[in-house]
Amino acid sequence: MTATDSSILNQYLVGKEPFYQPQHDEVALFEAAYRKRLPVMVKGPTGCGKSRFVEFMAWRLGKPLVTVACNEDMTAADLVGRWLLDKDGTRWQDGPLTVAARYGAICYLDEIVEARQDTTVVIHPLTDHRRTLPLDKKGELIRAHPDFQLVISYNPGYQSLMKDLKQSTKQRFTGFEFDYPDAELEAGILVQETGVAPSIAAQLVTVAATARRLKGHGLDEGISTRLLVYAAMLMDDGVAPRAACRMALVQPITDDADIRATLEHAIDMTFA
């Protein structure tokens with residue numbers, strides 16, 4: 001590895017250990033997948049810890065992590081690269097997928113179903129025995145670095161006929177299915193992340209359980225662990241529990257007056 005390669009990769013290293021609380025055997029399974037350089041798919045509801053898990057694994061493995069937040073306007077060129085004009089003429093600019101494949105990083109495509117299907121097909125040659133990335137506009141074929149791995153994530157709850165992965169894409173990956181942690185584990189996460197008292201953490205998890213039972217009955221998605229962390233952070237800063245919960249747990253997830261009233265009643269009962 002050249003000094004230039006090192007300088008490129010260093011900016012993607014996870015410098016500090018992220019807090020991650022394993023739920024099952026996902027850490028050991030991911031390590032096994034990385035040893036064989038198998039592509040990994042991480043599925044689960046919003047805010048349940050998918051991205052934190054990937055960040056933690058990159059830190060644990062000591063590998064750079066190149067993250068791409070996928071969106072419907074993303075093109076193949078945004079992933080692989082494009083020619084740019086500058087004062088000296090034209091120059092090629094690698095995209096994030098190309099950087100990871102060329103120099104040996106973990107490339108994480110977050111919420112991949114948000115990207116157009118004609119964009120995501122560019123990952124196919126990297127996810128089978130070829131492990132290559134054709135740069136058609138440059139006339140170059142990149143053979144993935146031995147340390148390269150591709151990881152994708154998405155929320156199955158948002159799937160539809162218009163937003164889903166093709167089977168030809170899905171069947172190139174190994175997979176994990178995440179969910180919100182059980183009550184005791186989730187409360188422990190809140191204590192570790194924010195420093196709130198265990199009793200407060202348990203009360204927040206109780207409110208979340210009420211909201212999650214409303215999924216499909218007025219709510220598209222329940223209260224995430226991420227939002228519970230936000231509420232706990234507000235409380236740790238001195239915000240009253242009910243106000244913190246309304247701000248972090250109710251207002252962001254629904255505009256329906258009846259659902260808001262139900263959630264606020266649960267908050268009032270829990271923090272009475």
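Is helix 5 mostly covered or mostly exposed? In this predicted model, helix 5 is mostly covered, with six of its eight residues buried. You can pick them out one by one: Leu97, Thr98, Val99, Ala100, Ala101 and Tyr103 are the buried residues of helix 5. Now step just past the end of the helix, where Gly104 takes a positive phi of about 95°.

What might a covered helix be part of? Here a general idea helps: in soluble globular proteins, nonpolar side chains tend to be buried together. Let us look for such a group here. The largest nonpolar core has 33 residues, and those touching the most other members are Leu79, Leu97, Leu109, Ile112, Ile123, Phe148 and Leu150. Several elements each bring at least two residues to this core: strand 2 (65-69), helix 4 (76-80), helix 5 (96-103), strand 5 (106-110), strand 6 (132-135) and strand 8 (149-154). Helix 5, our starting point, gives the most, with five residues.

To see the core from the inside, try standing at Phe148. Leaving aside residues up to four places away in sequence, Phe148 touches Leu97, Ala100 and Ala101, which you have already met in helix 5, and also Arg37, Gly104, Ala105, Cys107, Leu126 and Arg131. There is a second, separate core too, made of 27 residues, among them Ala201, Leu214, Ile223 and Ala244.

Now zoom out to the whole chain. How is the protein chain divided into domains? The domain assignment gives domain 1 (7-177) and domain 2 (183-270). Taken over C-alpha atoms, the centres of domain 1 and domain 2 are 31 Å apart. Where the domains meet, the contact takes 10 residues from domain 1 and eight residues from domain 2.

Finally, let us visit the largest pocket, which has a volume of about 470 Å³. Which domains supply its lining? Domain 1 and domain 2 each supply at least three residues of the lining. In total, 22 residues line this pocket, and Gly47, Cys48, Gly49, Arg52 and Arg226 lie nearest its centre. Helix 3 (50-61), strand 5, helix 8 (183-194) and helix 10 (225-236) each provide at least two lining residues. The largest share, five residues, comes from helix 10. Strand 5 is worth a second look, as it also supplies at least two residues of the largest core. As for the character of the pocket's lining, it is a mixture: nine residues are nonpolar, seven are polar and six are charged.

How values were computed:
Residues are numbered from 1 along each chain as its sequence is written. This is a predicted model: local features need pLDDT of at least 70, side-chain atom pairs count only at pLDDT 80 or more; totals for chains, interfaces and linings use all residues. Side-chain values use heavy atoms; hydrogens and water are left out. A nonpolar core is a set of buried Ala, Val, Leu, Ile, Met, Phe, Trp, Tyr and Cys residues joined through side-chain atoms within 4.5 Å. Buried means under 20% relative accessible area, exposed over 50%, partly exposed in between (1.4 Å probe, protein chains only). Helices (H or I, at least four residues) and strands (E, at least two) are DSSP runs, numbered from the N terminus. Contact means heavy atoms within 4.5 Å. On a 1 Å grid over the protein atoms alone, a cavity is a set of points where a 1.4 Å probe fits but cannot get out, and a pocket is an open set with protein on both sides within 12 Å along at least five of seven lines; lining residues have an atom within 4 Å of a point. Grid points are joined across faces, edges and corners, and a volume is the space filled by probe spheres set on the points. Ala, Val, Leu, Ile, Met, Phe, Trp, Tyr, Cys and Pro count as nonpolar, Asp, Glu, Lys and Arg as charged, and the others, Gly among them, as polar. Domain bounds come from an automatic or database domain assignment.
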